[in-house]
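Trainee: Please take a close look at one thing for me: the charged side chains and who they pair with. I'd like the cut-offs too, so I could redo it myself.

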Amino acid sequence: MKIKYFKVLTLLSFIILCITGEIQAQETLKKDKSIVNNDEVNIAFGKVERSNLIGSTSFINADDITKYDNTQLVSDALLGRVPGLFGYNNVRGIGSALFIVDGLPRDISTITLAEVEQITILKDVNASILYGSAAVNGVVLITTKRGDANKPQKKFSIYTGISVPKALPKYLSSADYMALYNEARANDGLSALYSKETIADFRAGNRLLYPNSKYKYPDVDYYSNEYLKSYKPFSKATAEFSGGNKAATYYSNMGWEQVGSLFDFGKAKDSKQNRFNFRGNIDLKINAFIKSSLDAVAVISKTKSPVGNYWGNASTLKPNLFTPLIPISMIDPENAVLLGHKADINGMYLLGGTQNYLSNPLADGYALELNENVQNNFSFNNKIDFDLNSLIKGLSFHTNLSFDYLTIYDQTFSKEYAVYEPTWTGDSVSALTKYGNDKDLHKQSISSPYYERRLGFQGYFDYNRTFNDIHKVGGSLLAYGNIYKKSGDFQGNKNVNLGLRLNYSYDNKYMVDFSGAYVNSVKLPANTRRAFSPSLGLAWMISSEDFMSSIEDIDFLKLKLTGGILNSDNGIDGYFYYLDRWDYYGSYPWNEQISYTSSDDGTVSFHNSNDRLKFEKRKELNFGIEGSFFNQKLYLETNIFTSLYCDQITIPQTMFPSFYTDFIPYENYDDNAYRGAELGLTYTEKFGDFQIALGANALYSTSEVIKKDEVYTDLYRYRKGRPVDARFGLVAEGLFMSEEDIADDEIQTFGTVKPGDINYVDQNDDNIIDENDEIQIGRSQAPFSYGLNLRVTYKNLSLFAIGTGRMGADSYISGDYYWVDQNDKYSEYVLGRWTEATKETATYPRLTTSASSNNYRNSTFWLYKDNYFTLQRAQITYEFPQQFVKNLKLQGLSCFLDGSNILTISKHRDIKELSVGSEPYYRSFSLGVKTTF
C-alpha cells in the first residue's frame, strides 16, 4: 500500500518537473504571483506567513467569524469550516486531536470564541510532530487575543434567547401500558396482572364520572406541560478591553451567562446555571531584549438543579406506579396521619409514594432544596521571550510555564421527606399509609468531589534569518512537557519530549522543513521508552515560476509533499504492561498458594512481562495543493493522505496455546491503515451592493485493518481487510410467524424463541444460529463528511448560514426506549409489535416480560443508514450606518437574530433528535447587540 502511493507521487513529481523544464526553455516574462492576504499563521512553537506553510495546515481567524456568526463555543466554530476535520475534534476521521491553548494542552470548554485570535489545525505528522507523542492524531492550536497599544478597543455584546427541545420521549399511558404488559405476560404463558376493570378505570373516559380520578388512577407523564415548560431561557453579556502603551499592553474579557431550565414545578422551577468568566492577558516589555507575558483565567460555574436524576427517572418510572400529589381536600380531616404531618405542598397536597418508591423525581423537586454543582477552573501562564539578536542575528529564546486547576463538587442542604400511599373509597381517600418523616437536618452536604490538575512547561531557541533577500533559514530547538492528573488517577499522565525543526526557503519558491521529536514514555520499559520521530516536508510555490507568469487566472499555486513517523504511547491505556502482573481471586488477598479445595481464591497471573514492548507508530504520507484563482475570488486547499498506525499494543491470544492464556505478554502487534482525501473551497463575488461568500469542504476517509490478533473458522468473521469501524452483527430475515416456522428453521441459541421473535440467517450452514453467524453489516463512522457555509451581504445587512452532513455510516437503534423487555417502561415505539392479528405487518418483535436476548442484540433488524444534513446555524446581522454610529460616539454597532441546530434532514430524524435518559437536545434562537468603542 505504501509502495503504491510512493510510486504515484513520484510519477506525478516527475511529470511536473518535465513540464517545468520544457516551459522554462521558452522566453517568458516573470510575474509576481504572491499571496495578497498573506496572514501570519500560528504553528507549533512559532509563526509563519501563510505563503511559507509546508505541512498540512488550516486556520481560522476568530474575528472574521464573530462579525456575522454569534457562535460562542470553539467546538461550534470548527464544525463545517475546516477541510479534513471530522466533527470538531477528529482530524481525518483517525482519532481525537490534541488541543493546545496558548502553547499547552487545555480543555476548550472553558474558552469562548470571543477570547480567541486564531485557531490552527495541524493535520499531518510534519506539522504536529513537535508536540510529541500526544500529537499522534493531529493538533488544534488555539491562540487567545493580546492587547495592541496602537489599537485600544472596548467591545460589548449582549444577547438573550430561548432553547426549545427538538423532541421528547413518548411513553404509553397507564391504561395502554397495563394492557400491553398483560399481552407480554400472555406471550410468556402467564396470567394477566391487571384486570380489564382496572384498565378501564385508568382510561380517560372514566374521568368524566370522577373528576378527581387522576389522583386515584395516576397516569404520570414526566414530559408533559404539567412538569416541563416548552422552552428554557438563556442570556449572556460579554465585555472586552484592550490597549496599552510601549511598555505594557493588555487584553481582558469578562462574561456572564445564565441558562434556565425546563422544569416547571416546585422548587425545581428555580433551576438554572450561572457562569462567570474572566481572562486577563498582559504583555510587558522588561528591557530592550526581554519581554514577558502573564495570563490568568478564571471560570466559575454554578448549576442549580433538582436532587437526583430527573431525566433518568423519567425514562424508567412507569406512569401508574403512584400518585405524585394527593389533594388534602380529598382526605378525611380527622385522619390521624394527616393530623400528624409536618410538611405539605402549598397547603394543598401531600407527596405520594409507596413502600417501594419512598422517593421520586417529582417529590425531590417539590420537597428538597436544589443541588448546586460548582465548577471552578483556574489557569495561569507565564511566558518570557529573550531577543538574542545581539549575540547571533535572528536568534531568540522563549519559555512558557503554565498551571491549570479544576475542582468540581455538589453541595446541598440535607432534608428528608415523607410520602403517603392513599387508600381510596369512591372518589375520596379513606386511609393513608405514611412512609418516612419530614426532617430538616440543618446541615450542608458536600458530595462528588473531583479535580483535574495540569502543569506544563516549554522552552525553545528559535532562529530565523534571511540572507540576500532570497535565502530564508530557520530552526527551533525545544523542550516540551506537561503532567496531567485527575481524581482517582494515581499515576497521572506525563508527556515530555525534545524537538528539532530546521527549515529553508529559496526565493519563496522552494521550501523544505525537517521536524523531529525525541519522545519519552513512562508507560514503556526503560530500554525502549525513548525514540526519535522524524518528518520531512517539501513545498514548491509553482506560481512564482517564470512559466506561470502568462496564466492570469492563477494568483498563487503551491504543491506540498510531507511524510513522517511519529512514535506514540497515546494508545496505550495503562501503565506497567511490560511487567509481570499477578493478582488474586477470592476474599483473602494475602493467600499466596492456589487452594486445592477452592477454585476462586489464590494468586494467579494476568499477563507475562515483555521488556521489548515499544512505541506504537503513525507512518504518514501527505500530498497537498493550495491555491488562489481569479483575482483572489476562489481559494482551494486539497490533500491526499495515507497513514499507517502500526505496532499497536494488544495481548495476542492467537499466538499461544489456550492453556497459556493467563501468561501471554502484551505485544506490539496490530496494524490499521487510513487513507483518503480532503477538499476546501471558498468563493467570493461582488455584484453591485451585493457580496456573496460561499464555502465548501469535504472529507473522504476510509480505513482498513491490516493486521489483527484473531482466528476464526469462517473467513467472513475476520476483521482483517475490513474497515476499522466495521459493525458486525447478525442478518435478520424477519419475524417468526408460527411454531412451525421455528421448528423448520435453524436452531437459535440466544434463549427461548417464540413466534414474533427475530429470525436470523445461518451464514455457515451449520443449522445453528450463534455468534459465528455475525458478519459485517455496516460502518460506525461515515467515510464521507462535508460542510457548507454561505454569507450574503447587501449594504449593511447580511445573512449567514452553515451546515454539516455525513454519508455512509450505519447506527443501531438500542437502549430501553427501543429494546423493551422484562419490567421496562413502554414507549410508543412498541406499538408496531408482533401479535397474531398484526403478524403480517408487524415492525417490532413480540412483547415479553423475560429477558429477550434473542431479539435485542446487534443485527440488521435494528440497523439504519445514518445519513443526514444539519443546518447548524443561521444569522441575520444589521450593521448600523457609520454616520449614525459616529454620532453615538461609537466605532461600531450591530444587532443580530440567530438560530442554532435549526434543522436536520434525515430519514431517521425522529431517532437522531431524541435524547432518552438525559436532557433533551435543543434548537436555540437569540436576539442580541454588539458595540465597539
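Mentor: A salt bridge here is a side-chain nitrogen of Lys or Arg within 4 Å of a carboxyl oxygen of Asp or Glu. Bear in mind that this is a predicted model, so local features need pLDDT of at least 70 and side-chain atom pairs 80 or more, while totals for chains, interfaces and linings use all residues. Numbering starts from 1 along each chain, and side-chain values use heavy atoms, without hydrogens or water.

By that rule the structure holds 36 salt bridges. Let's start with R92 and E620, whose side chains meet at 3.7 Å, N to O. R92 sits in the loop between β5 (90-91) and β6, and E620 in strand β29 (residues 616-629), so this pair ties together parts 528 residues apart in sequence. Strands are DSSP runs of E, at least two residues, and helices are runs of H or I, at least four, all numbered from the N terminus. R92 is buried, with a relative accessible area of 0%, and E620 is buried as well, at 7%. (Buried means under 20% relative accessible area, exposed over 50%, partly exposed in between, with a 1.4 Å probe and protein chains only.) This pair also belongs to a wider network of salt bridges, which links R92, K123, R618, E620, E637 and E678.

Strand β29 turns up again in the next pair: K558 and E626 form a salt bridge at 3.8 Å, N to O. K558 lies in strand β26 (residues 554-568) and E626 in β29, 68 residues apart. Relative accessibility is 0% for K558, which counts as buried, and 3% for E626, also buried.

For a pair with more open surroundings, look at K795 and D689, at 4.0 Å, N to O. K795 is in the loop between β39 (784-794) and β40 (797-807), and D689 in the loop between β31 (667-687) and β32 (690-707), so the pair connects parts 106 residues apart in sequence. K795 is exposed at 53%, and D689 is partly exposed at 45%.

Now a charge that goes without. E372, in strand β17 (residues 371-387), is buried yet has no salt bridge; K304, the nearest side chain of opposite charge, is 4.6 Å away. (Lys and Arg count as positive, Asp and Glu as negative; His and the chain ends are not counted.) What E372 does have is a side-chain polar contact with the side chain of Q411, at 2.4 Å. That term means N or O atoms within 3.5 Å, one able to donate a hydrogen and the other to accept it within protein; sequence neighbours count only if both atoms are side-chain atoms.

Back to β6, next to the R92 loop. Five strands form an open, mixed sheet in the order β3-β8-β9-β6-β7, where two strands pair if DSSP finds at least two bridges between them. The edge strands are β3 (57-61) and β7 (104-105), each pairing on one side only. β6 (residues 98-101) runs parallel to β9, joined by four bridges, with I100 partnering L141. On the other side, β8 (residues 116-122) pairs antiparallel with β9 (residues 139-144) over six bridges, and T120 also has L141 as its partner. In β9, V139, L141 and T143 point one way and V140, I142 and T144 the other, and all are buried.
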